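Here are my notes on the model you sent, set out as numbered points. Please read them with the structure open beside you.

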Amino acid sequence: MILLVPLNPEVPQSLRPKVLPSFVMVLSLILGYLLTYQIISKDSEYVEAIENALPERPSVTAHLDPESEKYLSHRPLLTVSPSTGDWDLARLIKANFIHGSLTHLILNVVGVFAGVRICVTFIPFLSSLIIFLLGGTLGLWVSVITARQISDFVPHVGASAGLFALMGTYYIFNFRFRTQYFFWLPIRRGFVSLKTSWFFFVDVILLELVLSTAQLFPDRVDSVDHVAHVVGFAAGMLLALAYRFFLRWPSFLQTRAEYVYWQLFVREMKRPKQNKINIYLNLLQINRYNDFIKRRLCNSVAVQSKTLSENALGDSFKFFVPTFVRLNTTHVIRVIRSLYTYQRSVPQRWLSRVPYDIVILLAKTMAKQNKNQSHLYQFLIDYRKSQSSNQRNNSNVEKLMKNLELEFQRSTESKTQKAV
């Protein structure tokens with residue numbers, strides 16, 4: 001058995017999702033359930049009476065007779081919720097806060113709690129609530145007018161469509177970044193950060209589209225309103241895209257805190273090109289996990305490496321952590337080569353903290369690029385100096401340099417023979 005639960009976007013502790021907005025949303029769902037509990041109870045008794053009156057339970061492909069349909073059209077739950085044969089906008093909105101059973105409520109409470117919690121990392125609570133209502137209402141409406149059921153007077157209720165709208169919003173804001181998951185295996189458990197985009201198809205497309213398509217036919221797979229789920233998700237994505245466009249949210253910013261800094265201190269700046277590195281460093285002080293800002297920082301440092309101060313250079317390399325180097329090796333190498341081109345050195349403090357496996361990765365990539373190999377040797381020499389107190393690393397670097405030198409000689413001889 002494998003358990004993988006999304007917790008929050010990969011951001012610093014200070015930017016982690018807040019719990020209070022989620023509690024407010026959960027309380028509204030619980031309040032909606034309590035206010036309609038008596039109506040739901042009366043509705044269950046009302047429907048049970050007609051089920052007992054029917055000679056046999058009709059198949060899902062059948063449709064109730066006119067007399068039974070007329071009886072169901074007066075069921076109590078339809079006073080507050082929509083159905084295919086009887087709906088209006090007010091009941092479509094109310095239906096987001098109504099649940100047919102305690103189990104239904106608990107499942108949606110857990111989902112909505114998580115959905116609101118992760119969305120407020122990017123947008124205010126009021127915006128999350130609006131997306132929940134608009135996406136949920138649209139999902140319920142499409143389900144009402146498209147789903148084929150045994151009766152036209154089957155109520156459509158629940159917060160599931162709104163929950164999927166929040167999920168769609170999260171994918172729009174965090175699709176390019178990483179999500180922290182809790183994983184459980186029989187032999188191990190813990191936390192892991194994975195690309196959010198990896199789970200887009202598993203979470204929504206592959207599962208919900210298949211099931212929602214089946215719901216359009218009389219022989220439904222189950223009683224879950226998959227059409228509302230998919231439409232709610234799509235609505236959430238579209239609303240989030242429109243919201244980002246309205247805010248002019250740059251694609252390389254992840255959290256709301258980064259956007260606020262960008263909006264207040266960068267957007268109205270007259271000459272932002274003169275301060276790019278400082279801007280990126282300040283953004284990384286807010287969110288040190290944002291690899292897209294680090295890539296931009298790499299490009300700016302490579303362009304300005306000739307005139308960049310030692311302090312700015314050291315501050316920049318501080319954010320080039322092993323995980324970033326593994327995923328963005330060529331960006332870091334561009335900076336290293338640019339420094340050596342202008343006869344500058346890679347910060348010793350950074351080199352002293354770089355693991356040996358990262359050095360091997362950088363060296364192998366630089367060797368394959370067939371560019372100035374002196375940059376590679378200078379990098380290894382500088383790394384060896386920074387590891388003067390680590391005898392093991394010193395010995396490993398020396399062996400690596402000898403192997404690279406032999407490989408370079410073989411490559412040169414092979415090219416010479418081919419030329420002859």
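1. In which loop is the place of Arg 248? In this predicted model, Arg 248 belongs to the loop between α9 (226-247) and α10 (256-266). The phi angle of Arg 248 is near 55°, which is a positive value in a residue other than glycine.

2. Gln 254 is also placed in the loop between α9 and α10, and its relative accessible area of 1% is the reason why it counts as buried, since that term applies under 20%. The side chain of Gln 254 makes a polar contact, at 2.8 Å, with the side chain of Asn 174. Leaving aside residues up to four places away in sequence, Gln 254 touches a list of residues that includes Pro 9, Glu 10, Val 11, Phe 122, Trp 249, Asn 287 and Asn 290.

3. A positive phi value in a residue other than glycine is found at Gln 343 too, where phi is near 55°. Gln 343 sits in the loop between α15 (329-341) and α16 (348-353). Is Gln 343 buried or exposed? Gln 343 counts as exposed, because its relative accessibility is 76% and the cut-off for that word is over 50%.

4. Turning to the interior, the largest nonpolar core has 80 residues, and the members that touch the most others are Trp 350, Leu 362, Phe 379 and Leu 380. Leu 362, not counting residues up to four places away in sequence, touches Val 325, Thr 329, Val 332, Ile 333, Ile 336, Trp 350 and Phe 379. There is also a second, separate core of 7 residues, among them Phe 164, Leu 194, Phe 200 and Phe 233. As background for reading this point, nonpolar side chains tend to be buried together in soluble globular proteins.

5. Val 230 lies in helix α9, and it counts as buried because its relative accessibility is 18%. Val 230 and Ala 165 are 65 residues apart in sequence, while their C-alpha atoms are 8.7 Å apart in space.

6. On the surface, please look at the nonpolar patch of about 370 Å² that is made by Val 19, Leu 20, Phe 23 and Val 24. Val 24 is part of helix α1 (residues 20-35), and it counts as partly exposed because its relative accessibility is 40%, a value that falls in between the cut-offs of 20% for buried and 50% for exposed.

Technical notes
Residues numbered from 1 in each chain as written. Predicted model: local features only at pLDDT ≥ 70, side-chain atom pairs only at ≥ 80, totals over all residues. Heavy atoms only, no water. Patch = residues over 30% accessible without salt bridge, like charges linked within 9 Å, V, L, I, M, F, W, Y side chains within 5 Å. Areas by Shrake-Rupley, 256 points an atom, 1.4 Å probe, with all protein chains shown as cover. Salt bridge = Lys/Arg side-chain N within 4 Å of Asp/Glu carboxyl O. Helix = DSSP H or I, 4+ residues; strand = E, 2+ residues; numbered from the N terminus. Buried < 20%, exposed > 50% of the residue type's maximum accessible area, 1.4 Å probe, protein only. Core = buried A, V, L, I, M, F, W, Y, C linked by side-chain atoms within 4.5 Å. Contact = heavy atoms within 4.5 Å. Polar contact = N/O pair within 3.5 Å; in protein donor to acceptor, adjacent residues only side chain to side chain.
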